[in-house]
Every structure is written in C-alpha cells, then in structure tokens.
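Morning, everyone. I have one structure to go through today, and I will keep to the ligand and its surroundings.

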Amino acid sequence: MIYLAPMQGLTEITFRKAYYKVFGLSGIDMAISPFISLTHGSLANAYKKIKDVLPECNAESLPIIPQILGNEVPQFIDMANRLGEIGYDEVNWNMGCPVPKVAHKKRGSGLLPYPDMVDDILSKVLPKVSTRISIKIRLGYYNPDEVFDLVPVFNKYPLANVVVHPRIGLQMYDGDLFLDVFAQVVSTIKHKIIFNGDICSVDDYVKMKLLFPQITDVMIGRGVVVNPLLPLEIKGQNICNYNDKYAEFVTLLFDEINARNVPEISKLRKTKEYWQYFAQNFDLSEEDRRGVLLMTDLYDMQRVIVEIVSKADRLCMPNCR
Ligand SMILES: Cc1cc2nc3c(=O)[nH]c(=O)nc-3n(C[C@H](O)[C@H](O)[C@H](O)COP(=O)(O)O)c2cc1C
C-alpha cells in the first residue's frame, strides 16, 4: 500500500483532488491529511483546517486519514470524536513535526524525548475516542535512541499502525536516515510499520524493500510532489505518455489552485512553491528553473510550467531532498 505523506501547504485538497482526477487509485491508495492543530489559533484557522478533511469536500478525491497535532488531552479526545462523527474511523497523531516553535512546546517530534507524557496521553485518550489512533513518529528529537523508550509504550496500546520517518527532529528534512535504529524498531514493535523517508525513485523503493522485506506499506511525500507518477512506477504500471500525464496533472492542479477564493498573489506563491518541486524532476538549465520563479503573471507562469513539463527530459535520479 502506498500512502501520500501529509505535507502542510502542498498535499491539501487541491493536490489530492487533481491527483485523483488524473490517476484515480492506481498509484496512491490513501493520504494522510496535513495536520489539524489542537490549538487552532483563530476560529477561522480551525475552520480552514477542518474544511480540508470534510467528507463533502473530499468526495471526488483520494481517501484520507485526518491528522492532528498537539498534546492537549481534552482537545485530542474532542477532535478525534468530532472526526469520528463525520465518518472517519482512524485519526493519525503527529509526533514527527520538527519545526522548533512546535517541538519546543512538546508537540510533534518535541514529544519524543518524553515517553511518560506520551504514555499518559495515550492512556487517557484511547479509552475515550471512537476512532482508531495511528501515530507518525521520528526516531527521536535529540537522539535516535529515544525511540527505544517509546517502543514499550506504543506496545501497550492498540494502535492502528505506526508511520516511522527514521530521522530525528533536529535534522529537519536532511541528513542520513538512521536505518540501523529503524531495523531495531522493526524487530521490537508489535504494530504494523509504515516506512517513510527519502523514497524519490523506484530505485530508492527497491533498496528499502531489500533492506526491510517485511515492510509492505510506504509513505511518500516529496517524491510524489516531485514526480506524481512515482507511485504508479513503483507499482510497475505501464506509463507510455509520461510527460502528457504529468502535464495533465499539473494543469488540473493549477485549475484547482485558480478556483480557490484567495488573492492572486497567494496563487502565484503556491504555483512557485510547486514549481520548486516539479523542477527537480526535469533536466533543466538554471536559467529555465529560475526564469519561472521570476515571472509575475500567474497565468503566464502556469502556462510556461505546463509547457516545460510537457516536453522536458526527466532526470534519471531526481533529487527530492
Ligand atoms: C513542506 C512540508 C510539510 C510537511 N507537513 C507535514 C504535516 O503536516 N504532518 C506530518 O506528519 N508531516 C509533515 N511533513 C513531513 C512529511 O510527511 C514526511 O514525513 C517527510 O517529508 C519525509 O518523507 P519524504 O522524504 O517522503 O518527503 C512535511 C514535510 C514537508 C517538507
């Protein structure tokens, strides 16, 4: 099974809808939504976040598991039950976010050095929620060995699964994966593990499978945004018109972005954000790559991007890190 990773700002409904329209369920089987914070800030913000997972907005889209971020027990229970009421039977708890302002408040990966706190939260939340709870973790915040004190805690509870990104919080999204530590987690945890991290090509996937043949499920984030066809390639699907399919996806994604009720400048920024990922998939001159970023007209920029992805040669080994 291939999961689309939650990526705040990138894999919200606009992306998931466009993806589903072009590829259906032939590549990605399931997506985890970008996190909904338990401390919402403003009410408008809370509404915006919930909207991303409302079933009526997700009807023609990839199936999703909503994700929450926080450490507040009453809000956790309340949100999981609310999500249960609108139809979800699983909620994912984010224990991986490395952003310092999140982690320093013992949220996201900032919870990983505190196994007693994790234990306390799970012991209070699980008996009170109607949904299953899965978790998404790193191996630690300061040190990958932190996971060894967490595994016995996780093993006490009936978790739906555990997504593991084998980095530590301090690494953010770079640096080597701690695959030796991950191997020890695989052999000691009693839950189903979903592997996440640095799968950017079929080769990366094959290497991971050789190391961990027992892992059946993977989660891919940046690799899919760089190359939306990667899940189909991993599944061995025959893709004869690669650039056309890529361009179709990008065109639909831009339609979704343009249909949003936000200022044009936000649409321009969003288009640029995606371009930084798409550009990593193709063999482009620095001039082409930067040229798009310097454009100021939204529709011109989108037209040029679609032209480029329709024609450009792919890089054999895209770098999505
Ligand atoms: C821009 C960005 C936003 C992210 N947002 C989330 C998020 O909302 N929730 C989460 O659990 N992980 C989030 N992540 C982490 C990804 O889900 C994933 O764990 C990480 O990118 C490693 O996987 P990859 O190498 O396949 O991208 C984010 C990562 C990036 C780069």
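**The ligand and its pocket**

I start with Gln8: one of its backbone N or O atoms lies 2.9 Å from a nitrogen atom of the ligand. Please keep in mind that this is a predicted model. Two other backbone contacts involve oxygen on the ligand side. In Phe35, a backbone N or O atom is 3.2 Å from a ligand oxygen atom. For Asp198, a polar backbone atom and an oxygen atom of the ligand are 2.7 Å apart. As for how much of the ligand is covered, it exposes 610 Å² when taken alone, and the protein buries 90% of that.

Now the neighbours. There are 17 residues around the ligand, and those that come nearest are Pro6, Gln67, Asn196, Asp198 and Gly221. So Asp198 appears on this list as well as among the backbone contacts. Sorted by class, the shell consists of seven nonpolar, seven polar and three charged residues.

Where does the ligand sit? The answer is the largest pocket, which holds about 950 Å³ of space. Its lining comprises 43 residues, and nearest the centre are Gln8, Phe35, Asn94, Cys97 and Tyr173. Gln8 and Phe35 are two we have already met through their backbone atoms. By class, the lining has 21 nonpolar, 13 polar and nine charged residues.

Last, the secondary structure. Several elements each supply at least two lining residues, including strand 3 (36-37), helix 2 (43-51) and strand 5 (67-69). Further along the chain, strand 10 (217-220), helix 9 (222-226) and helix 12 (264-278) are also among them.

Key:
Residues numbered from 1 in each chain as written. Predicted model: local features only at pLDDT ≥ 70, side-chain atom pairs only at ≥ 80, totals over all residues. Heavy atoms only, no water. Near = heavy atom within 4 Å. Polar contact = N/O pair within 3.5 Å; in protein donor to acceptor, adjacent residues only side chain to side chain. Areas by Shrake-Rupley, 256 points an atom, 1.4 Å probe, with all protein chains shown as cover. 1 Å grid on protein atoms, 1.4 Å probe; cavity = no way out; pocket = protein on both sides within 12 Å on 5 of 7 lines; lining within 4 Å. Sits in = over half its atoms within 2 Å of the grid points. Nonpolar A, V, L, I, M, F, W, Y, C, P; charged D, E, K, R; others polar. Points joined across faces, edges and corners; volume = space filled by probe spheres on them. Helix = DSSP H or I, 4+ residues; strand = E, 2+ residues; numbered from the N terminus.
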